[in-house]
Amino acid sequence: MLSEKVTNVLQEQINKELFSAYLYLDFAGFYTKSGLNGFASWYVKQAKEEFEHAEKIISYLADNGIRPIYEAIDKPNEKLENIEDPLHAGLRHEQYVTESINTCYKTADMEKDYRTMQFLDWFVKEQLEEEKNAEDLLDQYAFAKDSKAALYMMNADLGNRK
């Protein structure tokens, strides 16, 4: 049985994952409006991943006999003025999510909830990948930003994400 503390942090994490999806859909809309459909496609796929992360936690709660509580999802409010802004905001957001996952893990550890800690191991590993992807996007953009041809190629490459 999950403790109240563990249940609460997992419930909060569901909301954070769903907000992440909203945020990335907002980024996708910004890039679509900017004519960068490859960037937009990359963030739409990223949003789908965030929904999947929420679904994993929802299923875990259900497996433990707990009905998830769905809170209101905040409206994304990042100021997006140039191509680089969503990339920086994305990295900051992934760092925030990593800290949140760490809080979930710490809470499970304090409650001696080893089953939840094992469940969260996947999220800990996933956050390494998420932060690396965000850093890689920034590195690629830094390389491509001064060349329209390189930016065009980056946009095309991002559109091919599986």
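This report covers the nonpolar cores, one helix pair and three single residues of a predicted model.

Local features rest on pLDDT of at least 70 and side-chain atom pairs on pLDDT 80 or more, while totals for chains, interfaces and linings use all residues. Numbering starts from 1 along each chain as its sequence is written, and side-chain values use heavy atoms, with hydrogens and water left out.

**Cores**

In soluble globular proteins, nonpolar side chains tend to be buried together. A nonpolar core here is a set of buried Ala, Val, Leu, Ile, Met, Phe, Trp, Tyr and Cys residues joined through side-chain atoms within 4.5 Å. Buried means under 20% relative accessible area, exposed over 50%, and partly exposed in between (1.4 Å probe, protein chains only).

The largest nonpolar core has 27 residues, and Phe27, Tyr31, Phe39, Tyr43, Leu87, Leu137 and Met154 have the most contacts inside it. At least two residues of this core come from each of α1 (4-33), α2 (37-63), α3 (85-110), α4 (114-144) and α5 (148-159). Helices are DSSP runs (H or I, at least four residues), numbered from the N terminus. The most is given by α1, with eight residues. Apart from this core lies another, of 19 residues, among them Leu10, Leu18, Ala54 and Ile66.

Contact means heavy atoms within 4.5 Å. Not counting residues up to four places away in sequence, Tyr31 touches Leu36, Phe39, Ala40, Tyr43, Ile83, Pro86 and Leu87.

**Helices α1 and α3**

The axes of α1 and α3 lie 10 Å apart, at an angle of about 170°. Axes are lines fitted to C-alpha atoms, for helices over the stretch in contact, and angles run from 0 to 180 degrees between N-to-C directions. The two helices, α1 and α3, are therefore roughly antiparallel (an angle over 145 degrees).

**Single residues**

| Residue | Place | Relative accessibility |
|---|---|---|
| Leu138 | helix α4 | 13%, buried |
| Asn155 | helix α5 | 13%, buried |
| Lys162 | segment after α5 | 89%, exposed |

Leaving aside residues up to four places away in sequence, Leu138 touches Glu84, Leu87, His88 and Leu91. The C-alpha atoms of Leu138 and Leu61 are separated by 35 Å, with the two residues 77 residues apart along the chain.

Asn155, with neighbours within four places in sequence left aside, is in contact with Leu36, Asn37, Gly38 and Phe39.

Lys162 and Val44 are 118 residues apart along the chain, and their C-alpha atoms are separated by 11 Å.

Definitions and conventions. Parallel < 35°, antiparallel > 145°, perpendicular 65-115°, else oblique.
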